[in-house]
Amino acid sequence: MKFLHAADLHLDRAFEGLTTVSEHFRKYLATANQKMLQNIVDTAITEAVDFILLAGDTFHQNRPTLKTQRYFFQEMARLDEANIPVFMNFGNHDFYQADRYWFAFPDTIHIFDGEQVETKNFIIGAGEQIAITSFSYQHPTIIEEMAEKFPRKGAVDFHIGMYHGGQAPYAPFQLSELSSKGYDYWALGHIHVPQILAEQPYVIYPGTPQGHTQKEMNLAGVIVVESQGNQLIPKAVPVEAVRWEKQTLSLAKVRQPREIFPLVRRLSVNGPTLMHLEFSDAENVGSELTYQIASGELLEALQEETAPEIGLWQLSLAELPKEKPYLAVDNQLIDHLILTYETPEIFNELLNDLDQNPQLHPLMDQAFRTQTMERLKEKMEQSYQFRREADVD
């Protein structure tokens, strides 16, 4: 038996944190989600898997755009032609509402569409009996510990639990509860960083297969799981269409700022890459480089120098300058920014993950907000030089 486990595709999700992207790289971002899905289907066909598990948040929202629905079902048709069934549940982002889907799910897609735990049994070509137990979200949250409702392993060759969640208020569970069911594999979703929680049996978050922020840099891709006797052995297969990467460029031999341009032209990557470029050994071009990075002009200029497959989106210095770096804005702008982030709605949104923690929530009161903002302003004033009126022509 062999199957593919994927989760958190977040089709329709935009790439976040990009303030400017060169024209030559936009085409990669526009098609990245679709290309990633194609790569998953290609992997399933090449590996000749018996079935696919999509463990929640296949879509980034519970009303996928019609464009996204169309290319999703086109790829599902390719799996149908290859006789590869798909078992799919819905997570907290794409919680299921039937009337949001304008295209029919083919018979080869077996969906878990309710918040009740259910088990689907089937037999693969080799004659092995398989059971998959799961549930779906019909609302943005599930506060219950759904693992408690999963039955113990039945009279089958392999029993797999497919579970989206793990922490309140998203179907929290205890690892011991999963282990007590006697299953052969737990296909998890919800956490974007790949994690193996246990090995006997394997309990795996594959993570998101396509990074949409700089935090999603070190990805596993999808997990192809193959039986070896009674054991299920996983391997990670990368499928991302655009990767995030940080490279460090030494300027030790640079004497004039213009010498940076040919160095950037020689940068290379393996496929379309959103690059954070860090300069090291920059003493010879010190303050001028610091200024041009802060102003944003250098980023814009270097974007035109890179190879077509490089989307240069951020520049930074590896070493802190001996004097405070120059921030090309007025000092008063900091006061305006602080005032904006003091707004309860914006402040709470920034710290949403912390606020969900029941132990931390009581601490995040008005006094905490005020102290945080005062410390932020103090840190900004200590760390940067600001443009003064005298600097402006």
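1. Let's start with the long-axis numbers for H1. Helix H1 holds 25 residues and spans 36 Å from its first C-alpha to its last, close to the 36 Å expected at 1.5 Å a residue. Please keep in mind throughout that this is a predicted model.

2. That end-to-end figure should be read together with the local geometry. H1 carries a kink of about 55 degrees, and the kink is centred on Ala-32. Just after H1 comes Ala-48, which adopts a positive phi of about 55 degrees. If you plan to look at the backbone of this helix, Ala-32 marks the centre of the kink, while Ala-48 is the residue to check just after H1.

3. Now for the neighbour of H1. How many degrees separate helix H1 (residues 23–47) and helix H2 (residues 66–81) where they pack? The angle is about 10 degrees, and the two axes are 10 Å apart. Because angles under 35 degrees count as roughly parallel, H1 is described as roughly parallel to H2.

4. The residues behind this packing are easy to list. From H1 come Asn-33, Gln-34, Leu-37, Gln-38, Val-41, Asp-42, Ala-44 and Ile-45. They meet Tyr-71, Phe-72, Glu-75, Met-76, Arg-78 and Leu-79 of H2. Sorted by class, the contact of H1 with H2 comprises eight nonpolar, three polar and three charged residues.

5. H1 also has a sheet to pack on. This is an open sheet of six strands with mixed pairing, in the order S4-S3-S2-S1-S11-S12. Strand S4 (109–111) and strand S12 (231–237) are at its edges; each has a single partner strand, so one side of each is left without a neighbour in the sheet. On average, and ignoring direction, neighbouring strands here are turned by 20 degrees against each other.

6. Within that sheet, strand S2 (residues 51–55) pairs with strand S3 (residues 86–89) in the parallel sense, over four bridges. Leu-54 stands opposite Met-88 in S3. H1 packs on the sheet by touching strand S1 (2–6), S2, strand S11 (222–228) and S12, and the direction of H1 makes about 165 degrees with that of S1.

7. There is another open sheet to describe, with six strands in the order S5-S6-S7-S8-S10-S9 and mixed pairing. Its edge strands are strand S5 (118–123) and strand S9 (195–199), each pairing on one side only. Neighbouring strands of this sheet are turned by 15 degrees against each other on average, direction ignored.

8. S10 is a good place to follow both senses of pairing. Strand S8 (residues 185–189) and strand S10 (residues 202–205) pair in the parallel sense over three bridges, whereas S9 and S10 pair in the antiparallel sense over four bridges. Val-203 in S10 features in each case: Trp-186 stands opposite Val-203, and Val-203 is also the bridge partner of Ala-198.

9. S9 and S10 form a hairpin with two residues between them. What kind of peptide bond joins Gln-200 and Pro-201? The bond is cis, with omega at about -5 degrees. Pro-201 itself lies in the loop between S9 and S10.

10. A second spot for a backbone check is the loop between strand S7 (158–164) and helix H3 (175–179), where Pro-169 is placed. A cis peptide bond joins Ala-168 and Pro-169, and omega is about 0 degrees. Ala-171, found in the loop between S7 and H3, has a positive phi of about 45 degrees although it is not a glycine. For context, most residues other than glycine have a negative phi, and most peptide bonds are trans.

Technical notes: Residues numbered from 1 in each chain as written. Predicted model: local features only at pLDDT ≥ 70, side-chain atom pairs only at ≥ 80, totals over all residues. Heavy atoms only, no water. Axes fitted to C-alpha atoms, helices over the stretch in contact; angles between N-to-C directions. Parallel < 35°, antiparallel > 145°, perpendicular 65-115°, else oblique. Contact = heavy atoms within 4.5 Å. Nonpolar A, V, L, I, M, F, W, Y, C, P; charged D, E, K, R; others polar. Expected span 1.5 Å × (residues − 1). Bend = angle between axes of the 7 residues up to and from the residue. Pairing = 2+ DSSP bridges.
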